[in-house]
Amino acid sequence: MNMEMFRKLVVLNEGKRNQMYKDSLGIETIGIGHNLRDKPISDRAVYVIFEDDMAEIFPQLDKHVPWWRDLDDARQCAIADMAFQMGIGGLLGFRNTLALIRAGQYNDAAVAMRESKWHTQTPARAERIALIMETGVLS
């Protein structure tokens, strides 16, 4: 069978949607007729989406927090993780914390993280990030 012909036929019949939608039976579907109820996406698909998401975060950090690349690797990861979780807009809301990090006042930045609403909402994750900021060690 000609696989390219088959692909074109299925795309024509199913359509291609980049957002989840409900098909004619009300089943949550994504992409080109991928039924999420009966067949979750593969690990490979999960990591492809993750790679795309990461590729968006770094240019945003470079634009809005250009000094982040001057930090050590662990603290860069901490800042990037926050941006990944909250989006760049959410991260930029941490004005005082970011100023403390930029000034190298990592302990004070960790205290500010622990006192934030973010820490209340996602305590385990926020505590891990605060500890990384405090110690410079990725645990």
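**Figure legends: overall form and the surroundings of helix α5**

**Figure 1. Contacts along the chain of the predicted model.** Of the contacts in the protein with a separation of 6 or more, 36% are accounted for by residues 24 or more positions apart. Buried residues make up 24% of the 139 residues.

**Figure 2. Order of the elements and overall extent of the protein.** The protein contains 7 helices and 3 strands. Read from the N terminus, the elements follow the order α-β-β-β-α-α-α-α-α-α. The radius of gyration of the protein is 20 Å, well over the 14 Å given by the globule rule for 139 residues, so the protein is more spread out than a compact globule. The C-alpha trace spans about 60 × 30 × 25 Å along its principal axes.

**Figure 3. Surface and charges of the protein.** About 9,400 Å² of the protein is exposed, and carbon and sulfur atoms supply 55% of this area. The protein carries 17 positive and 19 negative charges, and the mean positions of the two sets are 5 Å apart.

**Figure 4. Buried residues of helix α5.** Helix α5 comprises residues 106–114, and Ala109, Ala110 and Met113 are buried in it. Viewed down the axis of α5, the buried residues fall within an arc of 100°, so they line one face of the helix. In general, an α-helix has 3.6 residues a turn, so residues three or four places apart point the same way.

**Figure 5. Cover over the buried residues of α5.** Which helices are included in what covers these residues? The cover includes α3 (73–92) and α4 (95–102), together with α6 (117–121) and α7 (123–135).

Methods: Residues are numbered from 1 along each chain as its sequence is written. This is a predicted model: local features need pLDDT of at least 70, side-chain atom pairs count only at pLDDT 80 or more; totals for chains, interfaces and linings use all residues. Side-chain values use heavy atoms; hydrogens and water are left out. Helices (H or I, at least four residues) and strands (E, at least two) are DSSP runs, numbered from the N terminus. The radius of gyration is taken over C-alpha atoms; the globule rule is 2.2 Å times the number of residues to the power 0.38. Buried means under 20% relative accessible area, exposed over 50%, partly exposed in between (1.4 Å probe, protein chains only). Contact means heavy atoms within 4.5 Å. Accessible areas come from the Shrake-Rupley method with a 1.4 Å probe; for residues, only the protein chains shown count as cover. Lys and Arg count as positive and Asp and Glu as negative; His and the chain ends are not counted. The place of a charge is taken as NZ of Lys, CZ of Arg, CG of Asp or CD of Glu. The arc is that of the directions from the helix axis to the C-beta atoms.
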